[in-house]
Amino acid sequence: MNEEALLARASEERERIFQRYERGRENLVGQIDPWEDPEFEEYHKTDRYGFIHDERLPQKTGVQKVNIEVEREKKWVKMLNNWDLQTTKEKLHRRIYKGIPNSLRIKVWCKLMEVNRIKSANPGKFQEMLKLAKLWSTDVRQIDSDVNRQFREHQFYRERYSEKQCSLFNVLCAYSMYNSEVGYCQGMSGLAGVLLMYMDEEDAFWALAVLLSDKKYAMHGLYIEGFPKLTRFLEHHDKILTKFMPKLKHHFDKFGLDAILYSLKWFFVCFVERVPFSLCLRVWDIYLLDGERVVTAMAYTILKLHKKAIMKLNDMDLIVNYIQVKLHKDFGFEDDIVIYHLERSMEELKRAKLDYPGPPPPNELPKRQLGTFVEPDKKSKIGQRAENFSETEKQARATVILRREKAAMELQELRVSQSDTVSEHSGVAGGIRCDDSVSALGSRRSLADTSVTSTADLSVFSSGRSHAPDNSLDTHSNVSDDATGSDGSGICGLSIQRAPSTTHSTPRATPHPPSVSPMSDDVVRIHVTYNPLAASPSHLHPISPSKYKAYNNEEHHKPVSLGFYTSNGATNLHSDNRIRIQVPSEELLTPVVDSGRIITPRFIESHSEIYDLK
Amino acid sequence: MATNRSGAAQRPNGAPQTKVCQFKLVLLGESAVGKSSLVLRFVKGQFHEYQESTIGAAFLTQTVCLDDTTVKFEIWDTAGQERYHSLAPMYYRGAQAAIVVYDITNQDTFGRAKNWVKELQRQASPSIVIALAGNKSDLAAKRMVEFEEAQAYADENGLLFMETSAKTAMNVNDIFLAIANKLPKSEGGGAGAMGARRLGDAEQPRSSSCCK
C-alpha cells in the first residue's frame, strides 16, 4: 500500500472506532460481538466498590465498620463545608490516613487535586481536545484495545461500550491530544479507570491532567519515552532496600529479580491491581494528599510486611506471583494495619532522608505547552513503528541493564566478602553475621568508593548475542544451579589492576577482592557479557553432558575470550592511564557504561575507542 | 549446600533419570494479540476474556515433559505497546526461544510480527528457535490473515508455525511442545549447549545433568 492509502486506512479506522463509542451501547444492538461482551451473573457478587467477583463474597462489611464510616461521614461533610479553614488543614492529615468515607471520596479527591480550579481555568478545553482526537489522535487503536480490557470485572466497565467505557475512551483520547509528549501510554487506562469510578468524564480528564503534570504527582515522567521517572524511582527503591532490607535485596538479586519486574505497576498506576482495591483506595487517598513520597513508602511497606514470606520463596516465578497476584487477591493484613505501617515507613524513610528521590529533573517534565495542538507526523499517523531506538530509549535500556549488572556485581562482592570473612574469622559469630546489613553495607561502600576514586568501571555489553551461563543480564539463570553462593552471579568480569604485581587478564579468576580497598588502588574493572561468537572454538560446538558439567565446574572460572580486547594491555595501561577498547565486529557496538557516572551511559561509536582513566 | 554442583553429576546408582532442561522463552508481538492469554492458557490452563494489559513484562514458568526430557520454560511475556519496546531487548537477551504472536483477524499485527522476527534474527542469539503463532483462530470468521500466507512466510524464515487459540486452547500446548522438541535438537547445538541449563538439585532433587 502506498502512503496515501495507509493514511486513509488509518483515518478510517480511527473514525470507525470513535463512532462506536459515540453511538454507545444502546445504539449498537446486534453489532457487538458476543465475544466482546460476555454476560456475567452479577447477582450478589458485586462488592461495595462495584467489582464483580467470581464467587460469593466471603462476608459483608461488618456492622461496626459501617457505623464507624457513618460517623466519619458526618465529620467529613462538616469539614468539606469548611475546606479552607485552618482547622480543616490540621485535621486533614489524620482523617485522610484513617480513610475517606467512600461516599465522599469523589468530593475529597476533587478538592485535593483542585480539579475545579484547573477545570474552570480551561473552559471548553476538554471538548476541544476530544474533537481534535477524533481528527488526529494516533493512539485510538491502542486506547480502544485497552478500554476493552480495563476493569472489565467492574460493573461500570462490564458491558462493551457502556457509558463508563465510552467515558474512559473519551478521557484517554482527549488526553492523548492534550499532552502530545505522552499521548497514550499503557497504564494510563488504569489511572483514568479509577478516577472515572468516582468522577464524571470532564472531571476525570482534569484529574488525570493533574496527576501527570502537577509537580506533587508528576506522573508525566513515568509515561514518556524511556520512562525516566520510573528509572529514577526504581533506583531509589533499590537504595531503600539496600539500606533497610539488604537480605531481601540480596534474595531478589540472587534470582536476578529486578524491581522493574515486580513493582512496575506500583509506580505506574499507584498500586492499582497490585493490592486489593479497598487498600488501593486508601493509598490513593494518601497519595493525593501527600504526593510522590507515598508511592516510595508504600513500595517499601509492602516488602517490609511480606519480607518473611518472600524470603521463603526460592524461585523468581513464585516471588513475582506472590507480589503481583497473591497480594492483589489477598494482602494478608487489614487495610488499617497496612496504613499504620505505611505511616511508620514514611517517618522511618524521612529520618533516613530517603523519603523522597527529589524533585523531577527537567527531562521528566512536559516540554511542550499542554493543550496545544501538535500535528502528528506521518509515521505515527500510519501507525508505523520506529526502525531504531531513539537515544532516550537506548539510555533507558542501558540503565536497566546496568542496574542488573550492578546488582550482580554487588551480589558477587557480597559473596566474596562473605567467604573472606569466613576464612578470616571462621568460627567467630560476628564473621558471618546473618544480619546481612553488615556485609551488604560493605559491598555498597565498595561500590560507592568506586565512584569517588579514580577507579574507572567500564561495562561493555555485547548486543544481545550473549547467552547464559555467563550472560550477566541473565543472572537468574545461574541461580538455580547456584542457590548457595559460589560466584554464579553471572558476571564475566575482566579485572586489570594497575599495581604491577597484580596484572591479571583473567576474567573472574580473581574477583575484585573487597579486602583491597578501592580507595587505595586504581582498579579497572571491565564487565563483559559472555559472547559466544568470540568464544574459544570449543564453545561453538555442542557440549556433551560431561563437558557441560566441566564447564559448570571449572571453565566457569577460566578466561574466555571476550567480545573486545584491550589492545594496549595492562602494561601500557599502567604507563599511560589509557585503555583502548577494540570491538571485533559492528554487531557488538553497544553501550559502554562508566559506572562512576552510572546515569550517563555511553555508546561505543567506532570499533576502537580509547578511554582516559584519569 | 556443597552438594549442589556435584549432585549434577551422574548418580552412582544409575537409576533412570529424566533430564531436566531450562530454557528462556520470550513472547513478542503487537498489543492485544493475545500474548498473555497464550501464556496463561499454557501455564494455568485458564482463559480470561479480559486479560489485563501487560505493563512492562510478566514472568512465568511452566514445565513440559518430553519422552526423556523435562523442559522447564522460563517465559517472559512482554508488553505490546511500542513505547515498551525499548525494554524488550532486556527480556529477549539470552532467550533460546521466542514466540512471535499475531492476531489472525488483524493484518497489521502480522506485519508487526514480521518485524519482530527480523529484529530477533538481527539481535537475538543466532540459534534462537522462533515460533510464529497466529492467535485467535476461534475468530476464523473475521480472519484477515490467510493460513497459507503465514505458513509460507514461516517456511521461508525457518520458523515453527501454528494457528492457536488461547480461548479454546487449540494448539497452545502444541506450540510450546514443538518448541521444546526443537530446542535440544537444534542444529550445531548452539542454543542447547549455551542455553539449556541444568536445574539445581535443590529444586529438582532427582534431576540429572543437562539434556545435551
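How many helices and strands are there in chain A? In this predicted model, chain A has 24 helices and eight strands. Of its 614 residues, 55% are buried. Among contacts in chain A with a separation of 6 or more, 76% join residues 24 or more positions apart. The area that chain A exposes is about 26500 Å², and 51% of it comes from carbon and sulfur atoms.

The nonpolar cores come next. In soluble globular proteins, nonpolar side chains tend to be buried together. Here the largest nonpolar core holds 162 residues, and Trp109(A), Met113(A), Tyr223(A) and Leu132(B) have the most contacts inside it. Beyond its neighbours within four places in sequence, Met113(A) touches several residues, including Leu195(A), Met199(A), Tyr217(A) and Leu288(A). A second core is separate and has 30 residues, among them Val39(B), Phe73(B), Ala97(B) and Val129(B).

Chain B contains an open sheet of six strands in the order 2-3-1-4-5-6, with mixed pairing. Strands 2 and 6 of chain B are at the edges with a single partner strand each, so one side of each has no neighbour in the sheet. On average, neighbouring strands of this sheet are turned by 20 degrees against each other, direction ignored. Strand 5 of chain B pairs with strand 6 of chain B in the parallel sense over four bridges, and Ala133(B) stands opposite Met162(B) in strand 6 of chain B.

Helix 2 of chain B, residues 35-44, lies across the strands in the table and runs at about 150 degrees to strand 3 of chain B.

| Strand crossed by helix 2 of chain B | Residues |
|---|---|
| Strand 1 of chain B | residues 19-29 |
| Strand 3 of chain B | residues 69-78 |
| Strand 4 of chain B | residues 97-103 |

Helix 2 of chain B also lies across strand 2 and strand 5 of chain B.

Notes:
Residues are numbered from 1 along each chain as its sequence is written. Chains are lettered from A and ligands numbered from 1 in the order in which they are written. This is a predicted model: local features need pLDDT of at least 70, side-chain atom pairs count only at pLDDT 80 or more; totals for chains, interfaces and linings use all residues. Side-chain values use heavy atoms; hydrogens and water are left out. A nonpolar core is a set of buried Ala, Val, Leu, Ile, Met, Phe, Trp, Tyr and Cys residues joined through side-chain atoms within 4.5 Å. Buried means under 20% relative accessible area, exposed over 50%, partly exposed in between (1.4 Å probe, protein chains only). Contact means heavy atoms within 4.5 Å. Helices (H or I, at least four residues) and strands (E, at least two) are DSSP runs, numbered from the N terminus. Accessible areas come from the Shrake-Rupley method with a 1.4 Å probe; for residues, only the protein chains shown count as cover. Two strands pair if DSSP finds at least two bridges between them. Axes are lines fitted to C-alpha atoms, for helices over the stretch in contact, and angles run from 0 to 180 degrees between N-to-C directions.
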